[in-house]
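Let's take a walk through this structure together. Have the sequence and the 3D view open as you read.

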Amino acid sequence: MNDIKVAVMGSEGVGKSALIVRFLTRRFIGEYASSSECIYRKRMSIDGRQLNLELYDPCSQPCQGKSTLNEQIHWADGFVVVYDISDRSSFLTAKAIVHLIRELHLGGSKSRDTDSVIFLVGNKQDLCHMREVDREEGQKLASEGRCQFYELSAAEHYQEVVLMFSMIVRNASLGGKAKERRRRPSGSKSMAKLINNVFGKRRKSV
Ligand SMILES: Nc1nc2c(ncn2[C@@H]2O[C@H](COP(=O)(O)OP(=O)(O)OP(=O)(O)O)[C@@H](O)[C@H]2O)c(=O)[nH]1
């Protein structure tokens, strides 16, 4: 079965955990523990193919064994880069992350193949009365960084969140890195071991 690894990235408090929990459990809880990083696992069927999804939720606060941004980028097949539409500084962080992913993961590749594995997400759309980042700015960054763009609310939207995650998983499964792993099954085992060593973290199944 195909393993697909998606990292959810962005600055503190933008709603990374809220989006993941919404996708995995349908619920919006309101407060989420953020003292440890973790990988959530889920089996999915996309286009009739069975996939094992691993979703990485980083820890914004200093914590033991914390992986670096570079490690997260090298680990993942697909990226959800989140900012909060009511917080401009989170948008600037998202911008820096998008550029870093393009440089490190995609090696500056101009191939169309790589265009669809970064999703830029403006979260907390329900706070549009406190908006600090215009939708057009998000769209502009997405087109510069060749990302897909979504504006949504983990608090209020369920279908949109599910659609967004389903699309990134689908695109990541078709991307170059996942394809390469499928061609080299023996390599994938040792890679999984290596990743476990790097992250050395608890895994959750939902
Ligand atoms: N209004 C509103 N609040 C949200 C939304 N998504 C998340 N929040 C709130 O934003 C706060 C931070 O959410 P988290 O999911 O913990 O954010 P995070 O990015 O995982 O934060 P760290 O783990 O600290 O990096 C919480 O109080 C959430 O309830 C949203 O769509 N709308």
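**An enclosed helix and what surrounds it**

Helix 1 is largely enclosed by the rest of the structure, because nine of its ten residues are buried. Keep in mind as you look that this is a predicted model. The buried residues of helix 1 are Lys16, Ser17, Ala18, Leu19, Ile20, Val21, Arg22, Phe23 and Leu24. What do these buried residues of helix 1 pack against? Their partners are strands 1, 2, 3, 4 and 5, together with helix 5. Just after helix 1 comes Arg26, where phi is positive, near 75 degrees.

Now step back to the whole chain. The protein chain has seven helices and seven strands. Following the sequence from start to end, you meet them in the pattern β-α-β-β-α-β-α-β-α-β-α-α-α-β. The protein chain has 206 residues, and 48% of them count as buried. If you take the contacts between residues at least 6 apart in sequence, 76% join residues at least 24 apart. On the outside, the accessible surface of the protein chain comes to about 10,200 Å², and carbon and sulfur atoms account for 50% of that.

Let's go inside next. In soluble globular proteins, nonpolar side chains tend to be buried together. Here, the largest nonpolar core has 30 residues, and Phe23, Leu55, Val80, Phe165 and Val169 are those with the most contacts inside it. Two or more residues of this core come from each of strand 1 (2–9), helix 1, strand 2 (38–46), strand 3 (49–57), strand 4 (78–84), strand 5 (118–123) and helix 5 (159–174). Which of these elements gives the most to the core? That is helix 5, with seven residues.

Phe23 is a good residue to click on, as it is one of the buried residues of helix 1 and also among those with the most contacts inside the core. Setting aside neighbours within four places in sequence, you will find Phe23 in contact with Lys42, Met44, Leu53, Leu55, Val161, Val162 and Phe165. There is also a second, separate core of 24 residues, which includes Ile39, Phe91, Ile101 and Cys147.

Helix 1 comes up again when we turn to the ligand. Helix 1 covers residues 16–25, and with three residues it gives the most to the shell around the ligand. There are 21 residues around the ligand, and Lys16, Ala18, Gly30, Ser60 and Asp126 come nearest. By type, the residues of this shell divide into seven nonpolar, nine polar and five charged.

Backbone atoms also take part in the surroundings of the ligand. A polar backbone atom of Gly13 is 3.0 Å from an oxygen atom of the ligand, and a polar backbone atom of Gly15 is likewise 3.0 Å from a ligand oxygen. For Ala154, a backbone N or O atom lies 2.9 Å from an oxygen atom of the ligand. On its own the ligand has 650 Å² of accessible area, and the protein covers 86% of it.

Some polar and charged side chains away from this tour's main stops deserve a look too. Is Lys5, in strand 1, buried or exposed? With a relative accessibility of 7%, Lys5 counts as buried, because the cut-off for buried is under 20%. The side chain of Lys5 has a polar contact of 3.5 Å with the side chain of Glu54. Gln72, in helix 2 (residues 69–75), is buried as well, with a relative accessible area of 5%. Its side chain and that of Tyr56 are joined by a polar contact of 3.4 Å.

Finally, visit two loops. Lys124 sits in the loop between strand 5 and helix 4 (135–144), and has a positive phi of about 65 degrees although it is not a glycine. Lys124 is partly exposed, with a relative accessible area of 22%. In the loop between helix 4 and strand 6 (148–151) you will find Arg146, another residue that is not a glycine but has a positive phi, here about 50 degrees. Arg146 is partly exposed, at 25% relative accessible area.

Technical notes. Residues numbered from 1 in each chain as written. Predicted model: local features only at pLDDT ≥ 70, side-chain atom pairs only at ≥ 80, totals over all residues. Heavy atoms only, no water. Near = heavy atom within 4 Å. Polar contact = N/O pair within 3.5 Å; in protein donor to acceptor, adjacent residues only side chain to side chain. Areas by Shrake-Rupley, 256 points an atom, 1.4 Å probe, with all protein chains shown as cover. Helix = DSSP H or I, 4+ residues; strand = E, 2+ residues; numbered from the N terminus. Nonpolar A, V, L, I, M, F, W, Y, C, P; charged D, E, K, R; others polar. Buried < 20%, exposed > 50% of the residue type's maximum accessible area, 1.4 Å probe, protein only. Contact = heavy atoms within 4.5 Å. Core = buried A, V, L, I, M, F, W, Y, C linked by side-chain atoms within 4.5 Å.
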